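Let's take a friendly walk through one part of a protein model. Have a look at the picture first, and then read on.

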Amino acid sequence: MKQIAKQFFRLLLFTVVYWVLVSCFFLLIRFYAIGQEQNITVDPMKYVSVLEWIDLGVYFGCFIGVFYTLIEFIFDKYLLKKLYLGLSILLRTFVYIVLLVSVLTLIMRIAEYRMDLDLPNEMGWWRTSPIFWISLAYFSACSLVFSFIKMAVEKFGSSTFFSMLIGKYRKPTEEQRIFMFLDLKDSTSIAENLGHFRYSSFIQDCFLDLNQVIEKYEAEVYQYVGDEAVLSWSYKKGMYRNNCVHLFFAFQHRIEKRKLYYREKYGVVPEFKAGLHGGKLIVVEVGSIKKELAYHGDVINTTARIQSECNSYGELLLISKALLKHLAIGQSYTTSDLGNLRLKGKQQSIQMYAIRKKDT
């Protein structure tokens, strides 16, 4: 519940700031254009100052932002899985138009009162008003921009999206990152028992549960590959309060809380194993048709190899010594030295440890 509240208020802050800026810009334009549309000579400064008009924009921007956040949050969290994408878009569009008509009617009435003008604001005024259709086009375009930014942030993460926006990764860039390869145990037998339709739904539920803990521990999803998820952190975020370790056990805890759901729907409770490793590698934008970030370096291959050793040692979470020595593992966990292991495809051995959560 706390995580949902945090997600809501983060979205609220971003949405309100965005729509305040959009509304202030729009009302500033209307402030100087309103007299011409009435075919009269009006000195707007005679009736109300620019600052007062901007203040009105802030007020209505907050109003729109709050309702926009509620609509987006309700659809994304509670209705997205129940509605087809097309129906979801139609319903949102209808709600946004109703919201826009209401807000513009209030703006017209306040402007009419402050500037002593006869402006259209009677019932149904918007059907034949050019002001409304101009406003609809403007706010629709702004809504599309907002949706684009929101989807890009969800796909890449806010910091990565901003870095791509300023062209940071147009050329290969060296960074130090932490990676986790997270894989479903016994995936072959589960897929055979469930069949491909139910298995796909099973994996979808697993990753939806994973997504509930990702934001709290500041991870970024690099990619989903079948029943495997590849997560990534900057060194600073991954090591902060042991985020890269806590995420795995938080994911385990969430699945444990929902084990009754999984048993009733699929007859099996998922169990995941993971490998953790970090180091320097190259980050670069690739592709022009479907542009995305690519990570090149030995860190990726080594992390995948570490994860593949989980079954051999009967462990759920393995980590390299190179990464473990930078973490301050607390009293909640125990570590076991598995020695120097020669990973498949590598000439040099790597020292690995198992991390387990203490029984409480």
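Here is a short tour of a helix pair, a hairpin and two loop residues.

This is a predicted model, in which local features need pLDDT of at least 70, side-chain atom pairs count only at pLDDT 80 or more, and totals for chains, interfaces and linings use all residues. Residues are numbered from 1 along each chain as its sequence is written, and side-chain values use heavy atoms, with hydrogens and water left out.

Helices (H or I, at least four residues) and strands (E, at least two) are DSSP runs, numbered from the N terminus.

Let's begin with the hairpin. Strand E2 (residues 220-225) pairs with strand E3 (residues 228-234) in the antiparallel sense, over 5 bridges; two strands pair if DSSP finds at least two bridges between them. Glu220 has Ser232 in E3 as its bridge partner. There are 2 residues between E2 and E3 in this hairpin, and Gly226 in the turn has a positive phi of about 60 degrees.

Next come two loop residues, neither of them a glycine, with positive phi.

| Residue | Phi | Loop | Relative accessible area |
|---|---|---|---|
| Glu218 | about 55 degrees | between H7 and E2 | 33%, partly exposed |
| Asn242 | near 55 degrees | between H8 (235-239) and H9 | 8%, buried |

Buried means under 20% relative accessible area, exposed over 50%, and partly exposed in between (1.4 Å probe, protein chains only).

Finally, the helices: H7 (residues 187-214) packs against H9 (residues 243-257), with their axes 9 Å apart. Contact (heavy atoms within 4.5 Å) involves residues including Cys206 and Leu210 of H7 and Phe251 and Arg254 of H9.

Terms used
Axes are lines fitted to C-alpha atoms, for helices over the stretch in contact, and angles run from 0 to 180 degrees between N-to-C directions.
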